[in-house]
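Student: Please take a close look at one part of this structure, the aromatic pairing, and then set that part in the context of the whole chain.

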Amino acid sequence: MIYNLITLFRFALIGYDTGKYLILKYPAQAGRNDYSDILVEGNGAIVRYIIEDERGECVAFSTSILAISFRPERLIYLAYPKKIESRQLRETSRLPTHIPAKVSLHKGELDADNKSLLQGLIIDISPSGCRFAIHVSSGFVALRKRQVFVHILSPLDNKPVIISSYIRNNQMRGERLSVGIEFDISEQEKLTKLLEAYSIDID
């Protein structure tokens, strides 16, 4: 029997020996007996993970459980994959940028002290979406999959262009939270003009 590990837990990769095995750490919230009938040495498993770069990529492979240890940490050893499959998640490439922006829960402009207004940087962008980065102290606990509004200053008149958008995912990297944002399809004309103003040419 083969199980999809991602549907069980989100494991953290903590090490590997090329060609031999991968080492994953159990999440803290996992109980000792959770899925003890599935996570057994010899069982097959499917692992999936997301690579967040200019295009975005989903990578998956099948493997088997080599061993499970409980001390000093609860770890699972997987056979090193022989074949890895991947597919791109985005139709258009995102270009790296360094554009200051704000994300709000409401369309109107908000005071900088308002807790529902987050200030950060757009680190990559395309006509369909962007990746927005903020520090943890900016209030990342309020971010979940929902509609938001991205405020970007136009370089032409320094006035904010407000884009209706949706939060699709969050990823912690050290003290920085990286947020995947999808722009509403109705905002394409507005986005195209804004990208042209920033001299960002995306085919």
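Tutor: This is a predicted model, and its protein chain holds one aromatic pair. The partners are Y21 and Y77, whose ring centres lie 5.8 Å apart with their planes at 65 degrees. Planes over 60 degrees apart count as edge-to-face, so the pair Y21 and Y77 is edge-to-face.

The location of the two residues comes next. Y21 belongs to strand 3, residues 21-25, whereas Y77 belongs to strand 6, residues 75-79. The pair therefore ties together parts that are 56 residues apart in sequence. Neither ring-bearing residue is classed as buried, because that class requires a relative accessible area under 20%: Y21 is partly exposed at 28%, and Y77 is partly exposed at 24%. The strand around Y77 is mostly covered, however, since four of the five residues of strand 6 are buried.

The backbone also connects these two segments. Strand 3 and strand 6 run antiparallel and are joined by five bridges. One of the residues involved is L22, whose bridge partner in strand 6 is L78. In a regular strand, side chains alternate between the two faces of the sheet.

Further along the chain lies a second arrangement of strands. Six strands form a closed barrel in the order 8-9-10-13-12-11, with antiparallel pairing. From one strand to the next, the twist averages 45 degrees. Within this barrel, strand 9 (residues 117-126) and strand 10 (residues 129-135) run antiparallel and are joined by five bridges; I122, for example, has F132 as its bridge partner in strand 10. Helix 1, residues 188-197, packs on the sheet and touches strand 9, strand 11 (147-153), strand 12 (160-173) and strand 13 (176-183). The direction of helix 1 makes about 85 degrees with that of strand 12.

Finally, the chain as a whole. The protein chain contains 13 strands and one helix, and in order from the N terminus the elements read β-β-β-β-β-β-β-β-β-β-β-β-β-α. Of the contacts with a separation of 6 or more, 59% are between residues 24 or more positions apart. Buried residues account for 40% of the 203 residues. The accessible surface of the protein chain is about 12400 Å², and carbon and sulfur atoms contribute 51% of that surface.

Key. Residues numbered from 1 in each chain as written. Predicted model: local features only at pLDDT ≥ 70, side-chain atom pairs only at ≥ 80, totals over all residues. Heavy atoms only, no water. Phe/Tyr/Trp six-rings, centres within 6.5 Å; stacked < 30°, edge-to-face > 60°. Helix = DSSP H or I, 4+ residues; strand = E, 2+ residues; numbered from the N terminus. Buried < 20%, exposed > 50% of the residue type's maximum accessible area, 1.4 Å probe, protein only. Pairing = 2+ DSSP bridges. Axes fitted to C-alpha atoms, helices over the stretch in contact; angles between N-to-C directions. Contact = heavy atoms within 4.5 Å. Areas by Shrake-Rupley, 256 points an atom, 1.4 Å probe, with all protein chains shown as cover.
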